[in-house]
Amino acid sequence: MFNIFKKKKDENNRGDQYLSLKIREIVKETPDTVTVFFEQPEPFLEYKPGQYITVILDLGGKEVRRSYSLCTSPFIDPHPGITVKRVKGGLVSNYINDQLRPGKTIEIMKPLGHFTTDFHSKNKRHFVMVAGGSGITPIMGIAKSALINEPESKVTILYCSRSEDQIIFKNQLEKLENQYPGRITVVHNLSQPNPTWSGLKGRLDATKIKESLSPSAFPAYTSSLYFVCGPEGLMETAIHSLESMGVPNDLIYKESFFSDIEAKEADLKASGKLAPELTREIEVVVNGESHHFEVPAGKTILEAGLDRDVDMPYSCQSGLCTACRGKLTSGKVDMIEDAGLSESEIAEGYILCCSSKPASSDIKIVIE
Ligand SMILES: Cc1cc2nc3c(=O)[nH]c(=O)nc-3n(C[C@H](O)[C@H](O)[C@H](O)COP(=O)(O)OP(=O)(O)OC[C@H]3O[C@@H](n4cnc5c(N)ncnc54)[C@H](O)[C@@H]3O)c2cc1C
Ligand code: FES
């Protein structure tokens, strides 16, 4: 097989962000979700709970990359793991569910991401978490890390699934509730439960969120922090509801797995918010090395750079993961999706090359 890791390392001498991981075990979590555990590399994989890795595969002779959050905790799990749910018609999620086998080695980009926090044994915090479907993956890693590292902190997870057999980590979550009595509460909400289900059901709404997660229900905890990860609609409901409960937006950690970037671009175009698409010459500095290249009309800065074999980092290619983040030091771009960036990063001039197109001449972007 084409060895992507070797290619990057040899040609670009920047192999330090790429790594090979050998698959140790694959566990079926639900009919359409698996967890892939990796052997620890030497030295051990360093990551923070809630971060993601970029899986790089050669499928049909083409390099494909996807981001997958680590479901494990570096503090207790001996082997790092990712949990992958099938997307209908999806290339990589179905390949991983159907064809990946223990013993195979795959290439990855090292863990990245800001959907995480630091832990301290003296903290007395309430981790308030809302997850939908595979969005439980990073939340599981963070919850386990909070329980082991912060004996006085508490975790509440409001977890939305379609039906009982679709609940990822159902047994593991029950085990945690037994292992840490009173310190973790998991409230399940099912959108299509069978008739015997006695828990929350139907669409997630503000009332359910308020009843399950209201800060006034947890007065003993000195501070709360909020993590939301799941489908777009669920995230919007959760974030608006938390805000209406008085939670400041900057206390809410958000991780999106999917953005329909083409639809967003079409909306922006229709409302006249995008500059005319022209072919532009730009400069991109990657780790101190300067590259000048043309971005043809209609292409993103990342697409044009990769077409020219510039080793620009990337993962999700939809403006969510920030692997392609760079600082715009001159010129203007139209950024179609900026969900991965914080307001302060945008104010400082950071852009996402995978979702940006040139909107002026004299563009210079620095990627470090
Ligand atoms: C930071 C980050 C972390 C992630 N972590 C996880 C994780 O822990 N577990 C996990 O299962 N996935 C995770 N994802 C999503 C994952 O990276 C892939 O996007 C997903 O597996 C689909 O890839 P695919 O190749 O199967 O589908 P593709 O072949 O890329 O897409 C097939 C079709 O489905 C649409 N589509 C793709 N994804 C979705 C979606 N989520 N909802 C609706 N339509 C979609 C596409 O637009 C396309 O039309 C994460 C994404 C990001 C950005
Ligand atoms: S590659 Fe993920 S934000 Fe650009």
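The following paragraphs lead through the salt bridges of this predicted model and then through its largest cavity.

Sixteen is a count worth unpacking pair by pair: the model comes to 16 salt bridges, and three of these pairs are described here. Lysine 48 and aspartate 118 bring their side chains together in a salt bridge, with 3.5 Å from N to O. This pair links distant parts of the chain, since lysine 48 sits in the loop between β2 (33-38) and β3 (52-59), while aspartate 118 sits in the loop between β6 (105-112) and β7 (125-132), 70 residues apart. As for solvent, lysine 48 has a relative accessibility of 36% and therefore counts as partly exposed, whereas aspartate 118, with a relative accessible area of 53%, is exposed because the cut-off for that class is over 50%.

A second salt bridge joins the side chains of lysine 144 and aspartate 77, at 2.9 Å from N to O. Lysine 144 belongs to helix α3 (residues 136-149) and aspartate 77 to the loop between β4 (62-69) and β5 (81-85), so the pair ties together parts that lie 67 residues apart in sequence. The lysine of this pair, lysine 144, has a relative accessibility of 8% and counts as buried because that value is under 20%.

The third pair leads on to the cavity. Lysine 357 and glutamate 277 meet through their side chains in a salt bridge of 3.3 Å, N to O. Here too distant parts of the chain are linked, with lysine 357 in strand β18 (residues 356-358) and glutamate 277 in the loop between α7 (261-270) and β13 (280-286), 80 residues apart. Lysine 357 counts as buried, at 10% relative accessibility, whereas glutamate 277, at 33%, counts as partly exposed. The pair does not stand alone, for salt bridges that share partners join Glu265, Lys269, Glu277 and Lys357 into one network.

Where do these residues meet the cavity? The structure holds one cavity of 30 Å³ or more, and about 90 Å³ of space lies in the largest cavity. This cavity is lined by 14 residues, of which Ala275, Pro276, Glu277, Lys357 and Pro358 are the closest to its centre. Glu277 and Lys357 are therefore both partners in a salt bridge and among the lining residues closest to the centre of the largest cavity. By residue class, the lining of the largest cavity divides into eight nonpolar, one polar and five charged residues.

Methods
Residues are numbered from 1 along each chain as its sequence is written. Chains are lettered from A and ligands numbered from 1 in the order in which they are written. Side-chain values use heavy atoms; hydrogens and water are left out. A salt bridge is a side-chain nitrogen of Lys or Arg within 4 Å of a carboxyl oxygen of Asp or Glu. Helices (H or I, at least four residues) and strands (E, at least two) are DSSP runs, numbered from the N terminus. Buried means under 20% relative accessible area, exposed over 50%, partly exposed in between (1.4 Å probe, protein chains only). On a 1 Å grid over the protein atoms alone, a cavity is a set of points where a 1.4 Å probe fits but cannot get out, and a pocket is an open set with protein on both sides within 12 Å along at least five of seven lines; lining residues have an atom within 4 Å of a point. Grid points are joined across faces, edges and corners, and a volume is the space filled by probe spheres set on the points. Ala, Val, Leu, Ile, Met, Phe, Trp, Tyr, Cys and Pro count as nonpolar, Asp, Glu, Lys and Arg as charged, and the others, Gly among them, as polar.
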